[in-house]
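Colleague: I'd like to go through this one with you, asking how each label is earned. Shall we have a look?

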Amino acid sequence: MTNTWILTTDERIANLVEVAAAVGGTTTVIAVAPSAPAVGGVDSVIHIPTAENVPAEAYAGVVAGLLADAKGDVILAANRPAERSFAGAAAAALALPVIVGATSVSAEGAEVARYGGLTNETVAFKGAVLVLEGGAAVEADGPAAQVHEGTPMGAEVVDVQPSGSGPANLAAARRIVSCGRGFKAEEDLALAQALADALGAEIACSRPLAEGTAWMTKDRYVGVSGMRVSPDVYVALGISGQVQHTSGMAGSKIVVAVNSDAEAPIFQISDYGIVGDIYDVVPALTAALS
Ligand SMILES: Cc1cc2nc3c(=O)[nH]c(=O)nc-3n(C[C@H](O)[C@H](O)[C@H](O)COP(=O)(O)OP(=O)(O)OC[C@H]3O[C@@H](n4cnc5c(N)ncnc54)[C@H](O)[C@@H]3O)c2cc1C
């Protein structure tokens, strides 16, 4: 029987627990954190305690060591920086493939988005490491954690510089206001933030605003190489709607787009479209919602 392992640094793994249920067998969480997170809906939790000022990534080898007998199993890692390190270490130790961008997973294989989400490939495997969005926090009543002590690699946190927008969990967000290259300056993103505040939404962006300008952190860009989101409402501001972006938000229930170009592709997948200048429309929307 194929079993599932979930690699995480916290309890934000609701999507992974759901995937594990689809795989079948037992589900074991390996949690690398200062204290054991409470996670329900799984069979067992192994807690690797982190020492003060040692980054979770430094325990990647310890995580891989715990998975020594898991070659035929399905290993799920949340799509976050430390967890991606665990995924790489596990895949290297077990000589398993790493699969990113799966849209569904079973014990035997996965459907994986290809060509920027234009098509899906069916991948068969006997054991694999999959990097998927973690999702919301799971409910608290889970099994008691077994502690596994391990020696980290020699790495130390010497400085912490919080990003302006703070860590995001877009996969769990019910409402998202997303900004594109229609914004001309970083300070103009305050318009989008005000709308997000009025809507109770998370702020997100297209890739150029995270990879090109670095106006937002990389955990806030949506798309085939960024985050996959499925909120109730996705508001796209000054985003053209290239497939590399829309494949990451296609699961949104309601899409609202504001764009000055009536021919912008984003309107083809929008439930509500406003042809107009974001610098006029966004403050008006915010005022109407406040
Ligand atoms: C391998 C690969 C992977 C990629 N992965 C991703 C990914 O994961 N996510 C992602 O987002 N992109 C990704 N991209 C990039 C993607 O192809 C697009 O270039 C990107 O999504 C465009 O971002 P944008 O819509 O913000 O900008 P643009 O395409 O430049 O669109 C800007 C839009 O703003 C509108 N606009 C301009 N001014 C205003 C105004 N004042 N008011 C209203 N509207 C205005 C314009 O009409 C235009 O439609 C990837 C590309 C490659 C090659």
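**Ligand, helix and cores**

Modeller: Start with serine 260, where a backbone N or O atom sits 3.1 Å from a nitrogen atom of the ligand. Mind that this is a predicted model, with local features needing pLDDT of at least 70, side-chain atom pairs pLDDT 80 or more, and totals for chains, interfaces and linings using all residues. Numbering runs from 1 along each chain as its sequence is written, and side-chain values use heavy atoms, leaving out hydrogens and water.

Colleague: What makes the serine 260 pair a polar contact?

Modeller: A polar contact with the ligand is a pair of N or O atoms within 3.5 Å, and serine 260 has its pair at 3.1 Å, so it counts. Serine 225 offers a side-chain N or O atom 2.6 Å from a ligand nitrogen, while a polar side-chain atom of glutamine 244 is 2.9 Å from a ligand oxygen.

Colleague: How much of the ligand does the protein bury?

Modeller: The protein buries 74% of the 990 Å² that the ligand exposes when taken alone (Shrake-Rupley, 1.4 Å probe).

Colleague: How do you know what span to expect for α3?

Modeller: The expected span is 1.5 Å times one less than the number of residues. Helix α3 (a DSSP run of H or I, at least four residues) has 14 residues, and its 20 Å reach is close to the 20 Å expected.

Colleague: Which residues of α3 are buried?

Modeller: Ala82, Glu83, Phe86, Ala87, Ala90, Ala91 and Leu94, buried meaning under 20% relative accessible area with a 1.4 Å probe, protein chains only.

Key
Helices (H or I, at least four residues) and strands (E, at least two) are DSSP runs, numbered from the N terminus. Buried means under 20% relative accessible area, exposed over 50%, partly exposed in between (1.4 Å probe, protein chains only). A polar contact is a pair of N or O atoms within 3.5 Å; within protein, one must be able to donate a hydrogen and the other to accept it, and residues adjacent in sequence count only if both atoms are side-chain atoms.
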